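Good morning, everyone, and thank you for making the time. I would like to walk through one structure with you, and I suggest that we keep it on the screen while I talk.

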Amino acid sequence: MSVLYDLLKEILDRKMYERTDNFDPTVFYPSEVGQCLRKLFLKRIFIENKGYIQFSERTAKQFIVGEAIHRALEDYVKNEYSQKKIETEKQISYKFLDLKINGIIDIINHTDKEIIEIKTTSRFYQNDTIKHLETLYKRQLNMYLHEYPNYNGYILIIDRVKGEFTEIQHNYDPDMFLMDIELFRKVYKAYKHYVESNRDPRVAYKEIYSLPVSPRVFECRNCPFYEYCLIACNYASSSP
């Protein structure tokens, strides 16, 4: 095997496990906006107990392809517009109420006051998901724009199936931001209640059941916590 193939296999092994050494249940990420709240709750329990989350090989490979496209485009922008003040992979962190928001902005162009997020997907070609993805990506970008409310936001969506790309423009929406913060707080409050119960699994089951399930079947099908969610909901729905 070539050194490149060996490197990809090594990266794949790492990507199949999301490790968190400094677990903080108050931390949320813009990429988690729009995800199933039950999934976000279970993610915190698993990271606390095991220190990692395991993904399928297919999901890990999608991460690798997405990262490769991100890096190539970020480097291209910096090289082509070296006269502008541009940062890539810009880490941000801020507090809001009882939560912390951590994230990485793909491209921030301070010269023209632009924030650019790159999204790769294999579902954009399906007409019934286009509107959903556009709304989801705007909500995620909006979490970054909270720190840069005077910047223009852009989302570059790349269709891995057709090789096509499109761009969506979005300006900061404070009402959208507060809506998503409240959804994150629901997850945190549920987790906090579980901890205060001395981590009683019966409380965890009921908290999972109380949180809204994802309306998208494909998210459940690919969720690493699907079986645990099913067990929790079966227990909670049959308990007094």
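Before I point at anything, a word on naming: helices and strands here are DSSP runs, numbered from the N terminus, with at least four residues of H or I for a helix and at least two of E for a strand. Please also keep in mind throughout that this is a predicted model.

With that naming in hand, let me begin with Glu89, which has its place in strand β4 and which, although it is not a glycine, has a positive phi of about 50 degrees. Is Glu89 buried, exposed or partly exposed? Its relative accessibility is 33%, and because partly exposed covers what lies between 20% and 50%, Glu89 counts as partly exposed. A second case is Leu97, found in the loop between β4 and β5, where phi is again positive, at about 55 degrees, in a residue that is not a glycine; Leu97, however, has 60% relative accessibility and so counts as exposed.

Let me turn now to the interior. The largest nonpolar core has 43 residues, and those with the most contacts inside it are Phe41, Ile115, Met143 and Phe184. Several elements each supply at least two residues of this core, among them α2, β4, β5, α4 and α8, while the largest share, 8 residues, comes from α5. There is also a second, separate core of 8 residues, which includes Ile86, Ile116, Ile118 and Leu156.

If we take Phe184 by itself and leave aside residues up to four places away in sequence, we find that it touches Phe28, Tyr29, Glu32, Val33, Leu40, Leu99, Ile101 and Met143.

Next comes α6, in which Val203, Ala204, Glu207 and Ile208 are buried. Why can we say that they line one face of the helix? Seen down the axis of α6, the buried residues fall within an arc of 135 degrees, so they line one face. These buried residues pack against α2, α5 and α8, and at the start of α6 a side-chain oxygen of Asp200 reaches to within 2.9 Å of the backbone nitrogen of Arg202.

Finally, I would draw your attention to His132, which sits in helix α4 and which, at 26% relative accessibility, counts as partly exposed. The C-alpha atoms of His132 and Gly34 are separated by 9.9 Å, although these two residues are 98 residues apart along the chain.

How values were computed:
Residues are numbered from 1 along each chain as its sequence is written. This is a predicted model: local features need pLDDT of at least 70, side-chain atom pairs count only at pLDDT 80 or more; totals for chains, interfaces and linings use all residues. Side-chain values use heavy atoms; hydrogens and water are left out. A nonpolar core is a set of buried Ala, Val, Leu, Ile, Met, Phe, Trp, Tyr and Cys residues joined through side-chain atoms within 4.5 Å. Buried means under 20% relative accessible area, exposed over 50%, partly exposed in between (1.4 Å probe, protein chains only). Contact means heavy atoms within 4.5 Å. The arc is that of the directions from the helix axis to the C-beta atoms. A polar contact is a pair of N or O atoms within 3.5 Å; within protein, one must be able to donate a hydrogen and the other to accept it, and residues adjacent in sequence count only if both atoms are side-chain atoms.
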